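Reader: I would like a close look at a single part of this model, with the cut-offs behind each term spelled out. Please take one helix and its surroundings, and keep the account connected.

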Amino acid sequence: MASTLITVAPTGAETAKADCPALPTTLDELVETAKRCEAAGAAMIHLHIRDGEHRPTLDLSRLTEAVGAVRANTALIVQLSSGGAVTDPYENRLRVLDAEPDSCSLTMGTVNFGDDVFMNPWPFVTELYQLSQEREIVPEFELFDLGHVAALHRLLDKFGLPYGGRVHCDLVMGVPGGMPGTADALVAAVNALPPAVTSWSATGIGRTSITVALAALSKGGHLRVGMEDTLTLAKGQPVNHNAELVERAAALATMAQRPPMSPDEARDLLNVKR
Ligand code: KMH
Ligand code: ZN
């Protein structure tokens, strides 16, 4: 039976700990979250980390420590965010690869991001991509808009396949400034993906979470969930732990006759280094 890759994105860079105490921001909270989410059905973790004051950071020693701690306590595929926060300079975002994760996110273009702009100019995208090839790190292409899908065609045409030979994308839907979190937008984006794409997931920001998950499962895609993207289970019902979102995704996937895949199966799917 086909199965579903569930990625958990537990923290992000946008929400303040003071506004959401349930957000995992310390190393202990991260490890506890990773273990519970793995038990609930996650196979990959998309990581942003925080400093001692719970602020987003790309500090290399903290990143390396977080990668090691998740690896020591779970079998999850560790994907580091190369997106960071909107204020992070390009050189720090490139340096994330020095922490030697299994995978890194790689956003395929600039996008308005609420009141901010998430900057991903073409020279940065190509430099990060070539670095991922050199370092043997599997990228996950983050597609916030249809233009990012077009840019992925261009990247693969010019620079060839990623390390490992698989092409895995994540549709990030419902960001104010990006494509909407609707079934119509998902179908349009999926139908436009390059033929080289071997797997894709989708995530719906905020209240688009369930719509996007159901559309993704219906269209044969995988799922990303987590408090980076969604802080409520329903109106007025806050998420108390990332595992609640993973459990819900696992239940939807099981209902769709595509139960969660193990980290080991996910390693085969993405062909990350073993
Ligand atoms: N925090 C956003 C500005 C990624 O992780 O690669 C970017 C982001 C995407 O979250
Ligand atoms: Zn992220």
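Author:
**Leu143 and helix α5**

Leaving aside residues up to four places away in sequence, Leu143 touches Met108, His148, Val149, Leu152, Cys169, Asp170, Leu171, Val172 and Ala189, where contact means that two C-beta atoms, placed from the backbone, lie within 7 Å. This is a predicted model, in which local features need pLDDT of at least 70 and side-chain atom pairs count only at pLDDT 80 or more, while totals for chains, interfaces and linings use all residues. Residues are numbered from 1 along each chain as its sequence is written, and chains are lettered from A and ligands numbered from 1 in the order in which they are written.

Among the contacts of Leu143 are His148, Val149 and Leu152, and these three also appear among the buried residues of α5, which are His148, Val149, Ala151, Leu152 and Leu155. A residue is called buried if 20 or more other C-beta atoms lie within 10 Å of its own, exposed if 12 or fewer do, and partly exposed in between, with C-beta atoms placed from the backbone. Seen down the axis of α5, the buried residues fall within an arc of 160°, so they line one face of the helix; the arc is that of the directions from the helix axis to the C-beta atoms. On the other side of α5, Asp157 and Lys158 are exposed.

The helix itself covers residues 146-159, and its 14 residues reach 20 Å from the first C-alpha to the last, close to the 20 Å expected at 1.5 Å a residue, the expected span being 1.5 Å times one less than the number of residues. Helices (H or I, at least four residues) and strands (E, at least two) are DSSP runs, numbered from the N terminus. Just after α5, Gly160 takes a positive phi of about 80°.

The buried residues of α5 pack against α4 (122-135), β9 (138-143), β10 (168-173) and α6 (183-191). Leu143 also has a place in the largest nonpolar core, where, of 72 residues, Ile6, Ala42, Ile45, Leu143, Leu186 and Val246 touch the most other members. Such a core is a set of buried Ala, Val, Leu, Ile, Met, Phe, Trp, Tyr and Cys residues joined through C-beta atoms within 7 Å. Helix α8 (residues 242-255) gives the most to this core, with 6 residues.
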